[in-house]
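Okay, thanks everyone for coming. I'll put the structure up and then talk you through a few parts of it.

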Amino acid sequence: MAKKLFVKTYGCQMNVYDSARMADVLAPLGYAMTDGPEDADMVILNTCHIREKAAEKTFSELGRWRAHKQDKGGDMIIAVAGCVAQAEGEEILRRAPFVDIVLGPQTYHRLPEMVAKATRAADLNGKGGAVLDTEFPLEPKFDFLPEARADGAAAFLSVQEGCDKFCTFCVVPYTRGAEYSRPQAAIMDEARKLVEQGVVEITLLGQNVNAWHGDGGRGFGALIRELAGIDGLARIRYTTSHPRDMDDDLIAVHGEVEKLMPFLHLPVQSGSDRILDAMNRKHDRATYLRLVERLKAARPDLALSSDFIVGFPGESDADFADTMALVREVGFVNTYSFKYSSRPGTPAAMMPDQVEEAVKDSRLAELQTLLWDQTRAFNQTCVGRTMAVLLDRPGRRPGQLVGRSPYMQAVHVDDADGLLGRVAEVRVTAVHPNSLAAELVDVERKRA
Ligand code: 5AD
Ligand code: SF4
């Protein structure tokens, strides 16, 4: 009989990808996905450590799962994966002794062994102890994973992992380890197999995705060109990139490769040179602005997204004003902004002049008001425009489908029966707070 697996994911798209791969690894053991933790035989919490709030969610969720495990007379394997597991593995086992498995982001190819060990321990009434595996193994996990299974028309493909940049606020270099690029052949193979399963859009993933490099010094731009050659693949995206790794070739690719969507997530974090330096970002304000200028010269319809941190230690009113000015100058859509959160073990946590919470709150509110205005204004410019939308999920109304525009906006399209998984030309008719409404331009032609 099939066993039931429930996976809950916090954090970034890399975690979403990892969760899907953990399910792939467990499928041969007879585990099939279920929608909730209550009746699952195994539950996995894939955690995020990037900010304090994200990490705190781990223990509150585990508290709820403990009750489900008790309801089932203890007959449930609880695993904690991801970056909190990597950073605080021992602490998790101490604070939540009902957890059976703790595994880091680099060891999930070993899940079958861990499940076997945990099951043996359960047979010994828990005397076998919990399984903790947060190593950084020499063998990359990708060499041991089964084939990726597509789930719909859009897919993630992890091409790079880890980070060597050491921004002073960030835990990623410690939780995800050193930069690693998957070999090009493995990436191409996974991409082709996804397309054979009906995928038309691939988002290439990595903590520093544009730091990817292949044999003989091939850069990320060359990889995108190669992927664009796959018949049936209609759209390519990538995230998250670092300004420092945006080389000439990659900029040129934005102009040359039609399949590469005109939308780029390029985190800047701050508009102040003093703060960028203290953050160890390895780029300054002028370099970032120049980059944006060159990217837009290559691809004039490019829309930009970004990440911002307010209240980094030492950030003055003048530094914050520099961030606001940069935002006005560039103009962003679809952004993410955060209050600085002190993370144990990072250099910034030890810096003097930590900014008061109230100041962070008001700066964040001011920045988000501006960013929201920009997003709304951009959405408004889309009304009346025709754009290609990948319709990848059913909407709430009968006959309605929902998809993504080239700029990652959610788009609702009525009377779209039969177009699930297809890219359709639509005309935008209205803007809603979090989405666009659109109608098909030429139904007959698109269905042909
Ligand atoms: N505090 C607040 N935001 C952070 N980020 C990373 N570390 C921190 C931190 N300590 C943000 C950055 C990064 C995004 C993924 O999360 O903006 O780009
Ligand atoms: Fe963290 Fe900086 Fe690396 Fe991004 S580039 S993962 S923010 S250390």
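I'll go through a sheet, then the ligand site, then an annotated domain. One thing up front: this is a predicted model.

So, the sheet. It's an open one with 6 strands, paired in parallel, and the order runs β2-β1-β3-β4-β5-β6. At the edges you've got β2, residues 31–33, and β6, residues 131–133; each has a single partner strand, so one side of each is left without a neighbour in the sheet. On average, neighbouring strands here are turned by 20 degrees against each other, ignoring direction.

If you look at β4, residues 77–81, it pairs with β5, residues 101–103, in the parallel sense over 2 bridges. V80 stands opposite V102 in β5.

Now the helices on that sheet. Helix α1, residues 13–26, packs on it and touches β1, β2, β3, β4 and β5, with its direction at about 155 degrees to that of β3. Helix α4, residues 111–123, packs on the sheet too, touching β2, β3, β4, β5 and β6, and its direction makes about 155 degrees with that of β5.

On to ligand 1. Which side chains come to 2.6 Å from an oxygen atom of the ligand? That's Q269, through an N or O atom, and D307, likewise. A nitrogen atom of the ligand is 2.8 Å from a polar backbone atom of S341. Taken alone, ligand 1 exposes 400 Å², and the protein buries 86% of that. β14 and β15 are the elements giving two or more residues to the shell.

Last bit: an unreviewed UniProt entry annotates residues 380–442 as a TRAM domain. That span is 54% strand and 3% helix, and its end C-alpha atoms lie 23 Å apart.

Key. Residues numbered from 1 in each chain as written. Chains lettered and ligands numbered in written order. Predicted model: local features only at pLDDT ≥ 70, side-chain atom pairs only at ≥ 80, totals over all residues. Heavy atoms only, no water. Pairing = 2+ DSSP bridges. Helix = DSSP H or I, 4+ residues; strand = E, 2+ residues; numbered from the N terminus. Axes fitted to C-alpha atoms, helices over the stretch in contact; angles between N-to-C directions. Contact = heavy atoms within 4.5 Å. UniProt positions renumbered as here; feature names shortened; annotations may be inferred. Polar contact = N/O pair within 3.5 Å; in protein donor to acceptor, adjacent residues only side chain to side chain. Areas by Shrake-Rupley, 256 points an atom, 1.4 Å probe, with all protein chains shown as cover.
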